[in-house]
There are 2 protein chains.
Amino acid sequence: MPLTEFELIRRFFTYPARHAVLGVGDDAAIVRARSGFELVITTDMLVAGRHFHQGADPEQLGHKALAVNLSDIAAMGATPRWATLALALPRADARWLAAFSRGFMRLARRYGVDLVGGDTTRGPLNICVQVVGEVPRGRALRRDGARAGDDVWVSGTLGDAALALVAGRLGLASRNRPPLRLKLDAPAPRVGLGVALRGIARSAIDVSDGLTADLGHICERSNVAAVVDFARIPASATLKQYLHRPAARLALLAGGDDYELVFSAGRARREAIARISRRLRLRLTRIGRMTRRRRGAPPVTVLDATGRPITVAHGGYEHFST
Amino acid sequence: MPLTEFELIRRFFTYPARHAVLGVGDDAAIVRARSGFELVITTDMLVAGRHFHQGADPEQLGHKALAVNLSDIAAMGATPRWATLALALPRADARWLAAFSRGFMRLARRYGVDLVGGDTTRGPLNICVQVVGEVPRGRALRRDGARAGDDVWVSGTLGDAALALVAGRLGLASRNRPPLRLKLDAPAPRVGLGVALRGIARSAIDVSDGLTADLGHICERSNVAAVVDFARIPASATLKQYLHRPAARLALLAGGDDYELVFSAGRARREAIARISRRLRLRLTRIGRMTRRRRGAPPVTVLDATGRPITVAHGGYEHFST
């Protein structure tokens with residue numbers, strides 16, 4: 001017998017809310033923001049056939065649907081607090097839902113996020129998550145705060161997720177594929193880093209469209225330019241094995257879906273950032289610097305080992321132009 | 001040439017935010033909640049082929065996608081403040097988007113709602129909206145506040161939207177179809193009423209699944225039962241013409257998508273509610289009363305003109321059981 005919407009919500013999506021006045025079960029959830037804090041609000045929609053394969057592992061999907069939103073909250077330097085989940089499903093499949101809910105809720109609990117509401121309906125598989133976070137008033141990390149002279153930093157390593165997508169076509173050794181897939185399917189949102197960078201970074205963004213595109217967004221909004229040294233861009237041991245191939249270099253520079261943070265900070269912050277890196281056990285790499293914007297020049301210039309600009313054909317991932 | 005996601009957002013979804021610190025264009029929006037207020041959060045997803053026809057008028061769709069969320073906020077007695085919009089589209093069609101945006105933004109402006117963020121992607125048409133509202137601390141209208149002895153009230157008229165869906169099958173006169181369609185395609189969320197009922201109503205819900213089902217949700221959460229007089233349920237002049245037909249009576253009792261409010265209030269509030277009705281020029285009808293819950297009895301009993309219970313075959317609209 002098919003599950004009704006109410007049974008479905010009760011079985012898979014009703015959990016005690018830890019910091020909500022009223023969670024799932026009314027027309028809307030009720031929550032209380034702390035005084036002196038601002039709220040940050042973000043939403044992301046994942047569509048079958050576009051962001052994941054129809055047969056994708058539901059537990060990883062549950063993780064990823066929340067992770068991409070937490071990544072946006074992290075890029076604002078905020079603490080995620082409340083999430084809603086709207087789900088369109090071809091059919092109410094209890095096993096699929098149990099696994100999806102497990103992946104979603106495990107990540108939610110790790111970061112103290114309450115699932116406070118949602119909607120379920122029948123339709124082509126579509127996952128829409130919204131997260132509301134809190135940040136002390138005026139302390140959010142924005143895209144428009146970078147200044148010429150800032151260092152440019154990036155967390156973790158880049159390019160694995162994009163390389164995973166073309167691993168088959170490139171004929172990568174099968175032992176090398178699982179670590180790449182892990183970055184694509186189960187990204188780790190940099191929530192702790194975002195919070196730690198409050199008052200230290202001047203601007204931040206998460207890498208969802210690719211390093212050059214996302215750093216370009218900071219440049220546009222801050223009216224600066226960025227110069228990046230290709231050799232400094234952090235790559236995983238797996239990706240390094242393929243750096244002789246153009247596809248791997250493109251993945252590193254312009255591959256999306258890494259969900260690392262790119263941020264800028266004054267030179268005086270280098271020691272503070274090194275301390276954050278040690279405390280979080282998270283690699284933070286200085287890859288370049290912000291400069292003045294010159295009319296007609298591209299916002300982001302990538303230099304090769306000899307100091308010459310590299311031409312980037314693919315400036316990032318555009319959802320409606322590809 | 002297809003529109004990129006960035007062009008699309010800039011052209012159709014970027015409006016000055018009136019009460020946001022930072023609107024569309026960063027990883028997340030930043031807003032400031034007023035002190036002494038709680039936040040209410042809701043989300044609704046509309047799917048082509050399920051909630052509307054593939055060829056539905058995009059301007060009405062834009063209106064409806066926001067309206068159903070504002071209705072949830074209204075049912076909480078809250079003031080809607082900020083919205084996000086996630087949109088999956090088969091293709092970036094500028095005319096469709098312009099019309100959709102027009103319908104969405106007209107309603108947003110009417111209620112002072114800022115569109116602060118969103119996501120666009122390619123995929124089967126799917127519209128997911130979230131709204132965050134504010135309500136003075138502890139004053140939200142919830143489903144769990146009804147008491148035995150309360151009057152049961154409903155706003156406007158019921159059943160038109162459900163009747164519109166079967167107008168063709170029933171062979172209704174064509175002059176009667178447009179007013180019914182209007183309730184289905186362009187519902188008016190009862191935002192002003194919700195705010196006016198703070199401190200007056202003890203419980204509230206919006207009629208999205210049908211009167212008996214939604215009143216049943218209040219009964220379940222409040223641990224009371226409801227008795228409704230069928231003859232008192234307010235119907236439009238159009239629907240009244242068809243009350244001899246079972247489908248019209250079913251639409252009145254159990255049809256969804258009306259987005260009116262059902263609420264309960266103590267008897268001492270009758271005059272205050274009449275004043276609200278006059279001030280808002282909105283019909284508010286007392287249709288029954290809350291009683292004690294008896295073990296094994298249904299939560300909602302509907303009485304005919306002779307005082308005998310009517311059997312309701314279809315208790316409401318269940319998204320996964322039909």
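These are my notebook entries on a few features I looked up in this predicted model.

**Entry 1: aromatic pairs**

I began with the rings and searched the whole structure, which gave six aromatic pairs over all chains. One of them joins F100(A) and F104(A), a stacked pair with 6.3 Å centre to centre and 25° between the planes. I noted that the pairing cut-off is 6.5 Å and that stacking needs planes under 30 degrees apart. Both residues belong to helix α3 of chain A (residues 94-110), where they are four residues apart, about one turn of the helix. I checked their exposure too, and F100(A) and F104(A) are both buried.

Next I turned to chain B, where W96(B) and F100(B) are stacked, with 5.2 Å between centres and 10° between the planes. They sit about one helical turn from each other because they are four residues apart in helix α3 (residues 94-110) of chain B. A reminder to myself: an α-helix has 3.6 residues a turn, so residues three or four places apart point the same way. W96(B) and F100(B) are both buried.

Back in chain A, I found that W96(A), F100(A) and F104(A) make up one aromatic cluster.

**Entry 2: arginine over a ring**

I then looked for charges above ring faces. In chain A, R34(A) places its charged end over the ring of F37(A), 4.4 Å from the ring centre. In chain B, R34(B) lies over the face of F37(B), and the distance to the ring centre is 4.4 Å.

**Entry 3: helix α2 of chain A**

Does this helix have the expected or an unexpected span, end to end? At 1.5 Å a residue, the 18 residues of helix α2 (residues 58-75) of chain A should span 26 Å, and the end C-alpha atoms are 26 Å apart, so the two agree. I also counted burial: 16 of the 18 residues of α2(A) are buried, so the helix is largely enclosed by the rest of the structure.

At the N-terminal end of α2(A) I found a cap, D57(A), with a side-chain oxygen 3.0 Å from the backbone nitrogen of E59(A). Just after the helix, G77(A) has a positive phi of about 75°.

**Entry 4: a buried aspartate**

My last stop was D119(B), which is in strand β4 (residues 114-122) of chain B. Which side chain of opposite charge is nearest to D119(B)? I found R50(A), 9.6 Å away, and D119(B) is buried yet has no salt bridge. Its side chain does reach the backbone nitrogen of M45(A), at 2.7 Å.

Terms used
Residues numbered from 1 in each chain as written. Chains lettered and ligands numbered in written order. Predicted model: local features only at pLDDT ≥ 70, side-chain atom pairs only at ≥ 80, totals over all residues. Heavy atoms only, no water. Phe/Tyr/Trp six-rings, centres within 6.5 Å; stacked < 30°, edge-to-face > 60°. Helix = DSSP H or I, 4+ residues; strand = E, 2+ residues; numbered from the N terminus. Buried < 20%, exposed > 50% of the residue type's maximum accessible area, 1.4 Å probe, protein only. Lys NZ or Arg CZ within 6 Å of the ring centre and 35° of its normal. Expected span 1.5 Å × (residues − 1). Polar contact = N/O pair within 3.5 Å; in protein donor to acceptor, adjacent residues only side chain to side chain. Lys, Arg positive; Asp, Glu negative; His and termini not counted. Salt bridge = Lys/Arg side-chain N within 4 Å of Asp/Glu carboxyl O.
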